Amino acid sequence: MPDAMDAVQADVDARIADALKRHQATATTRRPGLPACEQLDCGEPIEEARQRLGARLCTDCQREEDIRAHQYAPGRGR
Ligand SMILES: [Zn+2]
């Protein structure tokens, strides 16, 4: 069934193109950071330099977030 295969391939192509477009959109439209930490029970002020980089967490919360991300990252088992 060459027609069915073409339809599947076209669908995959469209999905990849869509994902690529969305990725480029997020890369170009820089999301500004927040003036204060996003954590509800924190609210620490965020340095302007970090805000410009799109920081949404204070350094302490960011570090915790990084540690958490590393712990759950796949393929890091010993
Ligand atoms: Zn914080």
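The paragraphs below lead through this predicted model, from its overall fold to its zinc site and then to its charged side chains.

Because the model is predicted, local features need pLDDT of at least 70 and side-chain atom pairs count only at pLDDT 80 or more, whereas totals for chains, interfaces and linings use all residues. Residues are numbered from 1 along each chain as its sequence is written, and side-chain values use heavy atoms, with hydrogens and water left out.

We begin with the overall fold. The secondary structure of the protein comes to 3 helices and 0 strands, where helices (H or I, at least four residues) and strands (E, at least two) are DSSP runs numbered from the N terminus. Read along the sequence, this gives the pattern α-α-α. Of the 78 residues in the protein, 10% are buried; here buried means under 20% relative accessible area, exposed means over 50%, and partly exposed lies in between, with a 1.4 Å probe and protein chains only. Among the contacts in the protein with a separation of 6 or more, 7% are between residues 24 or more positions apart, a contact being heavy atoms within 4.5 Å.

The next stop is the metal site. Which residues coordinate the zinc ion? The sulfur atoms (SG) of Cys37, Cys42, Cys58 and Cys61 do so, at 2.3 Å, and they count as donors under a rule that accepts N, O and S atoms within 2.8 Å of the metal (3.2 Å for Na, K and Ca), although water is not among the atoms, so sites may look incomplete. Two of these donors, cysteine 42 and cysteine 58, link distant parts of the chain, since cysteine 42 lies in the loop between helix H1 (2-28) and helix H2 (48-52), while cysteine 58 lies in the loop between H2 and helix H3 (59-72), 16 residues apart. Along the chain, the donors of the zinc ion follow the spacing C-x4-C-x15-C-x2-C.

Why is the arrangement around the zinc ion tetrahedral? The 4 donor atoms subtend angles of 103 to 119°, and therefore the arrangement is tetrahedral. Four donors count as tetrahedral if all angles lie between 85 and 135 degrees; four count as square planar and six as octahedral if opposite donors are over 155 degrees apart and all others between 65 and 115, and anything else is irregular.

The cysteines can also be described by their accessibility. Cysteine 37 is buried, with a relative accessible area of 7%, and cysteine 58 counts as buried at 4% relative accessibility, whereas cysteine 42, at 30% relative accessibility, counts as partly exposed. A search of the whole structure finds 0 disulfides, a disulfide being a pair of cysteine sulfur atoms within 2.5 Å.

We now turn to the charged side chains. By the rule that a salt bridge is a side-chain nitrogen of Lys or Arg within 4 Å of a carboxyl oxygen of Asp or Glu, the count comes to 7 salt bridges. One of them is found in helix H2, where arginine 52 and glutamate 48 both lie, 4 residues apart, about one turn of the helix, with their closest N and O atoms 3.4 Å apart. Arginine 52 is exposed, with a relative accessible area of 59%, and glutamate 48 is exposed too.

Arginine 50 also lies in helix H2, but arginine 50 is buried yet has no salt bridge, and the nearest side chain of opposite charge, glutamate 47, is 5.4 Å away; for charge, Lys and Arg count as positive and Asp and Glu as negative, while His and the chain ends are not counted. Leaving aside residues up to four places away in sequence, arginine 50 touches Ala55, Leu57, Cys58, Thr59 and Gln62.

Helix H3 holds further charged pairs, one of which is arginine 63 and aspartate 60, 3 residues apart or about one turn of the helix, whose side chains meet in a salt bridge of 3.9 Å, N to O. Arginine 63 is exposed at 52%, while aspartate 60 counts as partly exposed at 47% relative accessibility. Glutamate 64 and arginine 68 are separated by about one helical turn because they are 4 residues apart in helix H3, and they form a salt bridge with the closest N and O atoms 3.6 Å apart. Finally, Glu64, Glu65 and Arg68 are linked in a network of salt bridges.
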